[in-house]
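Reader: I am new to this structure and would like a close look at one part of it, the charged pairs of side chains. Please take me through them slowly, and then show me what else is worth a look once they have been placed.

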Amino acid sequence: MTRDAAIAGAARYFDEGGFLADLDRRIGIRTESQAADRAPLLDYLQREIGPSLARLGFDLHLVPNPAAPGAPALIALRQEGDGLPGVLCYGHGDVVLGAPERWRAGLDPWRITVEGDRWYGRGTADNKGQHSINIAAVEQVLQARGGRLGFNMAFLVETSEEIGSPGLDEICAANRDLLAADVLIASDGPRLDAGRPMIALGTRGVINFDLRLTLREGSHHSGNWGGLLPNPATILANAVAALVDARGAIRVPGLRPPPVPESVRRALADVAIARDAEGAMLAEGWGEPGLSPAERVFGWNALEVLAFTAGTPDAPQNAIPPSARVHCQLRFVVGTDVSDLPGTVGAYLESQGFRGIEVSESGTPMPATRLDPDDPWARWAAGSIAATTGAAPMVLPNVGGSLPNEVFAGTLGLATVWVPHSYGGCRQHGPDEHLLAPLAREGLQMMTGLFWDLGETGAAVARQRQVHTG
C-alpha cells in the first residue's frame, strides 16, 4: 500500500466512529492523579493502554515510580531490527480532578458528549485524546505496511504529569536502554492557531523566587511614624522596578538571554500572536524593545511578579508593615544561566543600593530546552506535515510554557518534536474540557503520515543529524 492509502485509512477509522469509541472508553477511567484513589491510574495502564499496544506488537514493561507521590508508568517496546531508526512517543494517562459539579448541565467529565465539532470529557484534550491519536496512527501504518513500521518504537505513558511528573526523570534514567531512540515525537498542549498545524521543539524554562525584606518587629502607626521609618513594601516595590522596568523589560544583565539565534528568528517570523482564548489582548510596546511579539514569548525571557504582600491587604490598618514579600517568576530560554539565581539577583540589587533583601528560590526549577529549527528532524517533521496537509506548519523553537521536555532532551539526549492536536480554547484543567473533532481528524492523518515517512526516510534523517550535530 501507499502513504496516501495509509492516510485514507486513518480518515476512515475516524469517520466510521472507531476513534470516538476508543477515546470514550479511555475517558471513562477516572485517572485523577490529584485524587486519593490511585487504583484507576494503574487500571488505565494495565487494562486499557497496555492491551491496546500489545495488540500492535509491543512488549510491555510496567515500571514502578521511585518518587512519591508518583504513580507507575508503562514502557511499551516494538523492535523491528538492528540499524533501524528509533522513535520514542510519550503521553500521560492522568488527568486533573473531574469536578463534575462545575461542568455545564448535560456534560459528564467521564463520558464523551458530542456537540457539533466539540467532544466534551475530562482528558479529551489533555492528554488521552492526544496520545490516542498517536497510537491509532501507528496502527494505521502497521495495517498499510503489512504488519511492519520500518523503525523501532517505544511508547512511554506516565500517570503523574498533572502533579509535576515526580519520578519521570528517574524512570527514564533507569530505563535508558529501553528508551533509546533518535527522536521524541509526542503530542501535548495546544496549537497556537487552531486553524494551522504546529510543531514545537522545546520549552522555556521556569524558576520561581521570592524577595523578602523584614525591617522590625510589629507594625507602627503611620501617623506617628510615617516619614520616619523605612517602609519595606516601598523598598521592595523599588527593588522590583530595578529588576524589570515599567514596560516589562528585564534590567538585570544576568537574567537576560543571549541574542535570538538567526534560525529561531526565521522560524518566529512566521508566527503571529493575537488574543488568547479568554480575549486578552497584546499591549502595544510591552516587553523587550526591538522584538516581535513572537520573539518576546518564544525567543526571550520574561520576569513576572506573581504576588506582592505587605500588611493585611484585605483589611488595611493605619500602620507601616514590618515586612514585605514579592513572589517572582522567570521564564527563560536556552542560554540563560540560572544556576545561582539568588546570587545573581542579590548581587544586582546590592549594586543598585538595596541592602538586606533576602532572595530565595521557591519550588523546583524546570530547565529550558530547544531543538534548533534547522535540525534535520525539525525540517523532516515540518516537511512531512506539509506533505499531508498541503500547508507548511507553524514551527515554534520552544513553547512559552512548560512540558517535561528536559527529561527527553537532557536525560535521554533526544531530538524533540511535539505535534499538538488541541487548541487554546479547549478548557483543559477546567470545566467543559473538549477536543475539536476536525483537529483530531487532521492530527490522525498527520501522525499517520509522519510514522509512514519515518519508515521511509528516518534512517537518512538520523545520519544527517549526526553530521549536523558534529
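Author: A salt bridge, in the sense used here, is a side-chain nitrogen of Lys or Arg within 4 Å of a carboxyl oxygen of Asp or Glu. With that in hand, and keeping in mind that this is a predicted model, we can start from a group of four residues, Asp 22, Arg 25, Arg 26 and Glu 48, which salt bridges link into a network. A search through the whole structure finds 21 salt bridges, and the ones described below are examples taken from that search.

Within the network, Arg 25 pairs with Asp 22, and the closest N and O atoms of the two are 3.2 Å apart. Both residues belong to helix 2, which covers residues 18-27, and because they are 3 residues apart there, about one helical turn separates them. Their surroundings can be described through relative accessibility, where buried means under 20% and exposed means over 50%. Asp 22 has a value of 18% and so counts as buried, whereas Arg 25, at 40%, counts as partly exposed.

A second pair reaches across the sequence. Arg 191 forms a salt bridge with Glu 442, their closest N and O atoms being 2.7 Å apart. This pair links distant parts of the chain, since Arg 191 sits in strand 8 (residues 190-191) and Glu 442 in helix 13 (residues 437-468), 251 residues apart. Arg 191 is buried, with a relative accessibility of 2%, while Glu 442 is partly exposed, with a relative accessible area of 25%.

A third pair joins two strands. Between Arg 325 and Asp 210 there is a salt bridge whose closest N and O atoms are 3.1 Å apart. Here too the pair links distant parts of the chain, with Arg 325 in strand 15 (residues 323-332) and Asp 210 in strand 11, 115 residues apart. Asp 210 has a relative accessible area of 2% and is buried, but Arg 325, with 35%, is partly exposed.

Strand 11 also holds Thr 214, a residue that is exposed, with a relative accessible area of 59%. Leaving aside neighbours within four places in sequence, Thr 214 is in contact with Pro 322 and Ser 323. The C-alpha atoms of Thr 214 and Pro 322 are separated by 6.0 Å, although these two residues are 108 residues apart along the chain.

Strand 11 appears once more in the second largest pocket, a space of about 530 Å³. The elements that give two or more residues to the lining of this pocket are helix 5 (168-174), strand 11 (205-214), strand 16 (358-366) and helix 12 (405-411), and strand 16 gives the most, with 5 residues. In total the lining has 22 residues, and those nearest the centre of the pocket are Gly 164, Thr 364, Pro 365, Met 366 and Pro 404. By class, the lining is made up of 9 nonpolar, 8 polar and 5 charged residues.

Another residue can be set beside the pair of Arg 191 and Glu 442. His 421 lies in the loop between strand 19 (415-418) and strand 20 (422-423), and it is buried, with a relative accessible area of 0%. The side chain of His 421 makes a polar contact, at 3.0 Å, with the side chain of Ser 187. Among the residues that His 421 touches, not counting those up to four places away in sequence, are Gly 189, Leu 439 and Gly 443.

Further along, in the loop between strand 20 and strand 21 (434-436), comes Arg 427, and Asp 432 lies in the loop between these strands as well. Most residues other than glycine have a negative phi. Arg 427, however, has a positive phi of about 65°, and phi of Asp 432 is near 65°. Their exposure can be compared in turn: Arg 427 is partly exposed, with a relative accessible area of 45%, and Asp 432 is buried, with 9%.

Finally, two peptide bonds deserve a mention for their geometry. The bond from Ala 68 to Pro 69 is cis, and Pro 69 is placed in the loop between strand 1 (59-63) and strand 2 (73-78). Asp 126 and Asn 127 are likewise joined by a cis peptide bond, with omega about 5°, and Asn 127 lies in the loop between strand 5 (118-120) and helix 4 (128-144).

How values were computed:
Residues numbered from 1 in each chain as written. Predicted model: local features only at pLDDT ≥ 70, side-chain atom pairs only at ≥ 80, totals over all residues. Heavy atoms only, no water. 1 Å grid on protein atoms, 1.4 Å probe; cavity = no way out; pocket = protein on both sides within 12 Å on 5 of 7 lines; lining within 4 Å. Points joined across faces, edges and corners; volume = space filled by probe spheres on them. Helix = DSSP H or I, 4+ residues; strand = E, 2+ residues; numbered from the N terminus. Nonpolar A, V, L, I, M, F, W, Y, C, P; charged D, E, K, R; others polar. Buried < 20%, exposed > 50% of the residue type's maximum accessible area, 1.4 Å probe, protein only. Polar contact = N/O pair within 3.5 Å; in protein donor to acceptor, adjacent residues only side chain to side chain. Contact = heavy atoms within 4.5 Å.
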